[in-house]
Amino acid sequence: MSANLFDNLPPAPQPEELFETLCARPGVRIERIVSTGQCSPPGFWYDQPGDEWVALLSGSATLRFADEATGRELRPGDWVFIAAHRRHRVERTDATTPSVWLAVHLAPPD
């Protein structure tokens with residue numbers, strides 16, 4: 001199976017983010033996320049049981065960690081490793097250009 005990560009992008013803005021699982025195997029899930037202006041709800045923090053590696057392929061975004069004073073501005077090509085249980089949130093995504101993310105989710109060790 002093959003495809004292009006930039007095929008079938010929804011026009012911005014959209015009411016919801018698009019999540020597509022590209023590959024899943026025991027212990028790992030790879031997904032494409034397309035954001036068109038969405039962000040985490042006020043006061044909400046992700047607290048995931050497994051590690052995540054995420055790269056921003058297009059658009060722009062601000063990723064904030066609970067243990068950092070300011071958000072990280074991300075542009076195409078930037079990637080971040082998010083350790084399990086490191087609280088984080090998406091403070092902003094581009095509302096005019098789709099922000100395409102490639103995320104690799106790793107299951108917690110047994």
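Colleague: In what order do the three strands of the open sheet run?

Modeller: Keep in mind that this is a predicted model. The pairing in this sheet is antiparallel, and its edge strands are β5 (72-74) and β7, each of which pairs on one side only. From one strand to the next the twist averages 25°. Read across, the order is β5-β4-β7.

Colleague: Which residue of β7 stands opposite Ala61?

Modeller: Start with strand β4 (residues 61-65), which is joined to β7 by five bridges and runs antiparallel to it. Ala61 belongs to that stretch, and across from it in β7 you'll find Thr93.

Colleague: And what is the bridge partner of Ala61 in β5?

Modeller: Here β4 and β5 run antiparallel, with three bridges between them. A hairpin of six residues makes the connection from β4 to β5. On the β5 side, the partner of Ala61 is Leu74.

Colleague: Is β4 largely enclosed or largely open to the outside?

Modeller: Buried here means under 20% relative accessible area. Four of the five residues of β4 meet that description, so the strand is largely enclosed by the rest of the structure.

Colleague: Let's move to β3. Which residue of β8 is the bridge partner of Val54?

Modeller: β3 and β8 pair in the antiparallel sense, over seven bridges. Val54 takes part in that pairing, and its partner in β8 is Ala103.

Colleague: What about Trp53: which residue in β6 is its bridge partner?

Modeller: β3 also pairs with strand β6 (residues 79-82), again antiparallel, this time over four bridges. For Trp53, the β6 partner is Phe81.

Colleague: How many disulfides does the structure hold?

Modeller: For reference, a disulfide is a covalent bond between the sulfur atoms of two cysteines. Cys23 counts as partly exposed because its relative accessibility is 31%, and Cys39 is partly exposed too, at 45%. As for disulfides, the count is zero.

Colleague: Now the pockets. Which strand gives the largest share of the lining of the largest pocket?

Modeller: That pocket has a volume of about 350 Å³. Of its 20 lining residues, the closest to the centre are Glu17, Phe19, Ile33, Tyr46 and Val90. At least two lining residues come from each of β2 (28-35), β3 (51-58), β7 (88-93) and β8 (99-106). The largest share, three residues, belongs to β2.

Colleague: How many residues of that lining are nonpolar?

Modeller: Going by class, the lining of the largest pocket has five polar residues and five charged ones. The nonpolar group numbers 10.

Colleague: Which strand contributes the largest share to the lining of the second largest pocket?

Modeller: About 270 Å³ of space lies in this second largest pocket. Its lining includes Met1, Ser2, Ala3, Asn4 and Leu5, as well as Glu20, Thr21 and Leu22. The largest share, three residues, comes from strand β1 (residues 18-25), so named because strands are numbered from the N terminus. The strand you want is β1.

Colleague: And how many charged residues does that second lining have?

Modeller: Asp7 and Arg32 are among the residues that line the second largest pocket. By class, its lining has four nonpolar and four polar residues. The charged ones come to three.

Definitions and conventions:
Residues are numbered from 1 along each chain as its sequence is written. This is a predicted model: local features need pLDDT of at least 70, side-chain atom pairs count only at pLDDT 80 or more; totals for chains, interfaces and linings use all residues. Side-chain values use heavy atoms; hydrogens and water are left out. On a 1 Å grid over the protein atoms alone, a cavity is a set of points where a 1.4 Å probe fits but cannot get out, and a pocket is an open set with protein on both sides within 12 Å along at least five of seven lines; lining residues have an atom within 4 Å of a point. Grid points are joined across faces, edges and corners, and a volume is the space filled by probe spheres set on the points. Ala, Val, Leu, Ile, Met, Phe, Trp, Tyr, Cys and Pro count as nonpolar, Asp, Glu, Lys and Arg as charged, and the others, Gly among them, as polar. Two strands pair if DSSP finds at least two bridges between them. A disulfide is a pair of cysteine sulfur atoms within 2.5 Å. Buried means under 20% relative accessible area, exposed over 50%, partly exposed in between (1.4 Å probe, protein chains only). Axes are lines fitted to C-alpha atoms, for helices over the stretch in contact, and angles run from 0 to 180 degrees between N-to-C directions.
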